[in-house]
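Biologist: Could you take me through this one, with the reasoning behind each label? I'd like to hear how you get to each of them.

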Amino acid sequence: MRIATFDDTRIGVVANDDTVVDATDLVEQFEPLGPEDLLPDLITHFGDLRPELERRVTAGGGTPLQEVHLRSPLTRPSKIICLMGNYREGTDRPLQILDLFFKSPEKISGPGDTVILPPHQANIFHHEGEIAVVIGREAKDLNAEEAMDAVFGYVAYNDISARGLGRSGINSFLGKSFDTFAAFGPWIVTKDEIPDPQTLSITVDVNGERRQDYSTSDMERPVPELLTYISSVTTLHPGDVICCGTNHQGLGSMQDGDAVVTTVSGVGSFTLHVRDEHERAWQRGIDREAGERVKAAAQHPVAQAPVSGGSA
Amino acid sequence: MRLVLTRDDRIGVLRDGGMVDVSDAFVDIRYRTAADRMPRVLATLRDRRPGIEEMVAGGETLPLPELQAPVPRPPKLIAAFGNYREGSDRERQTQDMFLESPDSVIGPNGTVVLPNHPASIFHHEAELALVVGQQAKDLPADDRALGALVGYTCAIDVSARGLGRIGPSRIGKSFDTFTPLGPAIVTIDEVPDPQDLHVTLAVNSEPRQDYSTRDMEYSVVEILAFISSYMTLVPGDVVMCGTNHQGLGALQDGDQVEMTIAGIGTLEMSVRDPQRREWPRGVDQDMAARQRAVGAS
């Protein structure tokens, strides 16, 4: 089932005939405090709501997709957890140490939205197309067998990244937390429609030019292992999002006027626009230097360990 | 005004060693849990203040009950990287901050549980914490920025070292229970100068950290200007100003920790480690020397 947020934060199901069937009233019975509660409430009560959602989809009468304004399905996630580089990227290195960071959940971008590049002196602004996992229930210390039970579904994600800011240079994580830099779309696909999350194809196209093009089969650690690790650190909640990392081979700049299309096979596709008041220009096409740097750093992990900032 | 949240979800104002219950001032705020209630309370505190003060003036002082964190689950938990000069004469370091899991917060007299992860050590980091009271973006680096705050409180940024991939581990600060916060939010009008606060932390009554916020590399208003140039701040967000690493030490099973910021409050916590690991007691002098060397080379 495809769950969408549309128009003025309404919730609905996208039927196979590409119409959107409104389900907002079903969620409102749980008395959300704000629109940001609608989706987590639907997730929490999905087992109970599913028969009625299916009945409505079968009954038809939805609004054609082209007549609604799709929003990010997640208007304000409770947490956005991002994995650090989690793809082999053509190297034969041993598994890297698992690591993650948190991204600001404010001012999320969705389909058709505009990413605003800030005036900060970044070296470059990169797109990072990813698959993201949406959490379905509260979870702590999941084991490998039960990890997938905590998944609600999947969404396409772009982890927009300003490079070279802050103290740790290329590894700046705050450079990923600018308003509008977390982009989700076009809807959440429930996990029953994705039998194997490790066989998905992810692409990013900028102005019609192919940039990223990789398979989730190249992940260093598959989704269940990520969930086991993350839930050993922090309690997960319905609607938390786990972004599984990107394959850096194919990153490129985002600049004023760009149209960026992020696609995950079996999930969907959404377009972002880019605005830069300063109209900075970078080389177009794939940033091969960035790709090589990531490969080299991963082959020699010690080389990237020292950071001038000391401990936090 | 010193605002607290009790474990049974009453909102109180501290007075004469006790508390006046002012929950009635907020009855119109719909909520499900204390976590989603407090940001809404803090967003409207300024408008409700005259009414609250009347309530306090006419109210009965109750013995202070057990408290939870004044913001049990901040919308965002933001932390500054090392932000103190620590006796070095280095140039100011590049400013940087990061986000921690907002689910790591616990309240006064809570228990920090050390996880079964192979950390090289678990440190305490006593910090001044800022509590945001209104939505804010692109704040100026002057006193106007303080207008976005509702007040200040104490935070202990518990830190597992040596985990994760890159340099200083951030992930080691996001474990559940790793951010004791409280006891009260002290409103900004009660703190004439946030750059002149004395911070101390003791473990089992042995002094460890002892520093002044005068030594910050980037001041409170510079922190607010910086972080709000990246992301929108919202009511209930908590921003931790970094620690002075001279005086850090190990936390281990059974430890009783007491942190005080003069004029703000005293925050106590205990430590439990199901693995009962042991580290040398006392101040971690290696860590302190390493921090002084940062930027000096």
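Modeller: Sure, starting with chain A, which is divided into domain 1 (2-71) and domain 2 (80-300). It's a predicted model, where local features need pLDDT of at least 70, side-chain atom pairs count only at pLDDT 80 or more, and totals for chains, interfaces and linings use all residues. Residues are numbered from 1 along each chain as its sequence is written, and chains are lettered from A and ligands numbered from 1 in the order in which they are written.

Biologist: What makes those stretches of chain A domains, and how far apart are the C-alpha centres?

Modeller: The bounds come from an automatic or database domain assignment. In chain A the two C-alpha centres lie 26 Å apart.

Biologist: How do you know which residues of domain 1 of chain A are in contact with domain 2 of chain A?

Modeller: Two residues are in contact if their C-beta atoms, placed from the backbone, lie within 7 Å. By that rule, 11 residues of domain 1 of chain A meet 11 residues of domain 2 of chain A. On the domain 1 side, β1 (2-6), α2 (38-44) and β5 (70-71) of chain A each supply at least two residues, and α2(A) gives the most, with four.

Biologist: Why is a run called a helix or a strand?

Modeller: Those are DSSP runs numbered from the N terminus: H or I over at least four residues for a helix, E over at least two for a strand. Chain B has four helices and 19 strands on that basis.

Biologist: What makes a residue on that side of domain 1 of chain A nonpolar, polar or charged?

Modeller: Ala, Val, Leu, Ile, Met, Phe, Trp, Tyr, Cys and Pro count as nonpolar, Asp, Glu, Lys and Arg as charged, and the others, Gly among them, as polar. So sorted, the side of domain 1 of chain A that touches domain 2 has eight nonpolar, one polar and two charged residues.

Biologist: How is chain B divided?

Modeller: Into domain 1 (2-68) and domain 2 (77-293), with C-alpha centres 25 Å apart. Their contact takes 13 residues from domain 1 of chain B and 15 residues from domain 2 of chain B. The largest share of the domain 1 side, four residues, comes from α1(B), and by class that side has nine nonpolar, one polar and three charged residues.

Biologist: Why are β9 and β16 of chain B said to stand at the edges?

Modeller: Two strands pair if DSSP finds at least two bridges between them. The open sheet runs β9-β19-β18-β15-β16 (chain B), with mixed pairing. β9 (110-113) and β16 (206-212) each have a single partner strand, so one side of each is left without a neighbour in the sheet.

Biologist: What makes β9(B) and β19(B) a pair?

Modeller: Four bridges join them, against the at least two required, so they pair; they run parallel. B:V113, for one, has B:R272 as its bridge partner in β19(B).

Biologist: What radius of gyration would a compact globule have with 297 residues?

Modeller: The rule is 2.2 Å times the number of residues to the power 0.38, with the radius taken over C-alpha atoms. That puts a compact globule near 19 Å, and chain B has 19 Å, which agrees.

Biologist: How much of chain B counts as buried?

Modeller: Buried means 20 or more other C-beta atoms within 10 Å of a residue's own, exposed means 12 or fewer, and partly exposed is in between, with C-beta atoms placed from the backbone. In chain B, 54% of the 297 residues count as buried.
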